[in-house]
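Student: I would like to learn how to read a model like this one, going from single residues to strands, sheets and cores. Where should we begin?

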Amino acid sequence: MRALGQNSQERLDRGTDLEEEYDDDFVGFGGDGLLADVGDLRGDGKLVKSIIRHGFDSGIRPQLGDEVAVHFVGTLEGGHVFDDSRKRGGPFKFHLGLGEVIKGWDEGVATMWKGERALLTIDPELAYGPQGAGWKIPPNATVQFDIELLDVEEIDFTGPDWAYEDDAEVDEERLPVGRADVGEGGSDPAGRYSWERRGAEVVVVAPLAQDVGPLQIQHSFRPRHVSVVVGGEVLLDGTPGCELESEECFWEIDYNDKGER
């Protein structure tokens with residue numbers, strides 16, 4: 001996989017949470033409800049998303065690091081409800097893609113639009129695993145979450161806390177900028193990726209397992225922050241050495257001469 005981003009997403013007003021209540025009408029194992037679309041998000045059956053209500057009209061989809069607010073109902077295979085955010089008195093909030101919730105949530109909610117309501121069926125590997133969670137969720141349990149994405153708050157990486165201390169001008173004419181200029185490179189001490197500078201570009205290359213698909217890659221390219229998460233594992237997360245041009249950043253799945261990704 002080569003990581004270079006995407007355009008900054010146009011954001012709409014986030015001021016109003018959806019207030020529709022459906023405590024007695026959630027969809028889960030054995031529950032009733034209309035499922036508009038069903039999709040296997042990973043291609044291995046371990047994370048299946050069923051759309052109950054579309055939300056793409058909002059034009060807002062969360063990106064890596066954004067704070068999202070959701071209401072949810074969690075159920076086990078027998079239909080037993082083990083958690084319900086509405087009974088707590090308020091929405092549940094977390095930062096997307098940073099490991100604050102189970103992998104099934106990080107990957108599933110990343111595909112939702114603000115206002116969307118969907119049912120996620122999550123394999124134990126992406127949920128609570130062989131240890132379960134307390135007395136409510138047994139070991140190796142497949143779980144379902146009826147989730148409504150209420151709000152998305154974009155994290156501001158351009159505020160004063162992210163300003164450079166030294167904004168001295170640089171004589172660009174003296175810099176050896178050009179695609180033929182490879183310049184310095186390096187690699188992650190853990191061996192997860194390598195990088196090289198090609199003039200004004202920095203190319204990061206990471207090996208990609210055959211079972212990892214595009215929907216399992218989350219990314220955020222902002223002027224003073226870059227994040228890439230692959231299969232729920234953080235690959236890159238931090239402040240680059242220069243201000244990025246978001247519209248010039250992208251990632252892609254590539255193959256070497258051996259057919260390896």
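Tutor: Let us begin with what a strand is here: strands are DSSP runs of at least two residues, numbered from the N terminus. Please keep in mind that this is a predicted model. The protein has one helix and 15 strands, and S220, for instance, is found in strand β12, which covers residues 217-222.

Student: Is S220 buried or exposed, and how is that decided?

Tutor: The general idea is a cut-off, since a residue counts as buried under 20% relative accessible area. S220 has a relative accessibility of 1%, and therefore counts as buried. Leaving aside neighbours within four places in sequence, S220 is in contact with Q63, L64, H225, V226 and S227. Across the protein, buried residues make up 43% of the 261 residues, while the accessible surface comes to about 14,400 Å², with 49% of it belonging to carbon and sulfur atoms.

Student: Which strands form a sheet with β12, and in what order?

Tutor: To read a sheet, one asks which strands pair, and two strands pair if DSSP finds at least two bridges between them. Here three strands form an open sheet in the order β12-β13-β14, with antiparallel pairing. The edge strands are β12 and β14 (233-238), each of which pairs on one side only. On average, neighbouring strands of this sheet are turned by 5 degrees against each other, direction ignored.

Student: How many bridges link β12 and β13, and how many link β13 and β14?

Tutor: β12 and strand β13 (residues 225-230) pair in the antiparallel sense over six bridges, and the pairing of β13 with β14, also antiparallel, runs over five bridges. Individual partners can be followed along the strands: Q218 has V229 in β13 as its bridge partner, R222 has H225 in β13, and V226 stands opposite G238 in β14.

Student: What joins these strands along the chain?

Tutor: A hairpin of two residues joins β12 to β13. In the hairpin of β13 and β14, which likewise has two residues between the strands, G231 takes a positive phi near 60 degrees.

Student: Which residues of β13 are buried on each of its faces?

Tutor: For a strand, it helps to look at the two sides separately. On one side of β13 H225, S227 and V229 are buried, and on the other V226, V228 and V230 are buried, which leaves both faces covered. The count for the strand agrees, with six of its six residues buried.

Student: How many residues of strand β3 are buried?

Tutor: In strand β3 (residues 47-53), five of the seven residues are buried, so the strand is largely enclosed by the rest of the structure. β3 pairs with β7 in the antiparallel sense over six bridges, and one of the partnerships is that of S50 with L119 in β7. I52 is also found in strand β3; its relative accessible area is 16%, and I52 therefore counts as buried. The C-alpha atoms of I52 and R117 are separated by 5.4 Å, although these residues are 65 apart along the chain.

Student: How should I think about the nonpolar core, and which of its residues have the most contacts inside it?

Tutor: In soluble globular proteins, nonpolar side chains tend to be buried together. In this model the largest nonpolar core has 28 residues, and those with the most contacts inside it are W105, V109, I122, V143, F145 and I147. The elements giving two or more residues to this core are β4 (67-75), α1 (103-109), β7 (117-122) and β8 (143-153), with the largest share, five residues, coming from β8. Apart from this core lies another, of 14 residues, among them Y193, L208, I217 and L236.

Student: Which residues does V109 contact, leaving aside its neighbours within four places in sequence?

Tutor: V109 is in contact with P62, V68, F94, L96, L120, I147 and L149.

Student: Finally, what is there to notice about the phi of N140?

Tutor: Most residues other than glycine have a negative phi. The phi of N140, however, is near 55 degrees, a positive value in a residue other than glycine. N140 lies in the loop between β7 and β8, and with a relative accessible area of 51% N140 is exposed, the cut-off for exposed being over 50%.

How values were computed:
Residues numbered from 1 in each chain as written. Predicted model: local features only at pLDDT ≥ 70, side-chain atom pairs only at ≥ 80, totals over all residues. Heavy atoms only, no water. Helix = DSSP H or I, 4+ residues; strand = E, 2+ residues; numbered from the N terminus. Buried < 20%, exposed > 50% of the residue type's maximum accessible area, 1.4 Å probe, protein only. Areas by Shrake-Rupley, 256 points an atom, 1.4 Å probe, with all protein chains shown as cover. Contact = heavy atoms within 4.5 Å. Core = buried A, V, L, I, M, F, W, Y, C linked by side-chain atoms within 4.5 Å. Axes fitted to C-alpha atoms, helices over the stretch in contact; angles between N-to-C directions.
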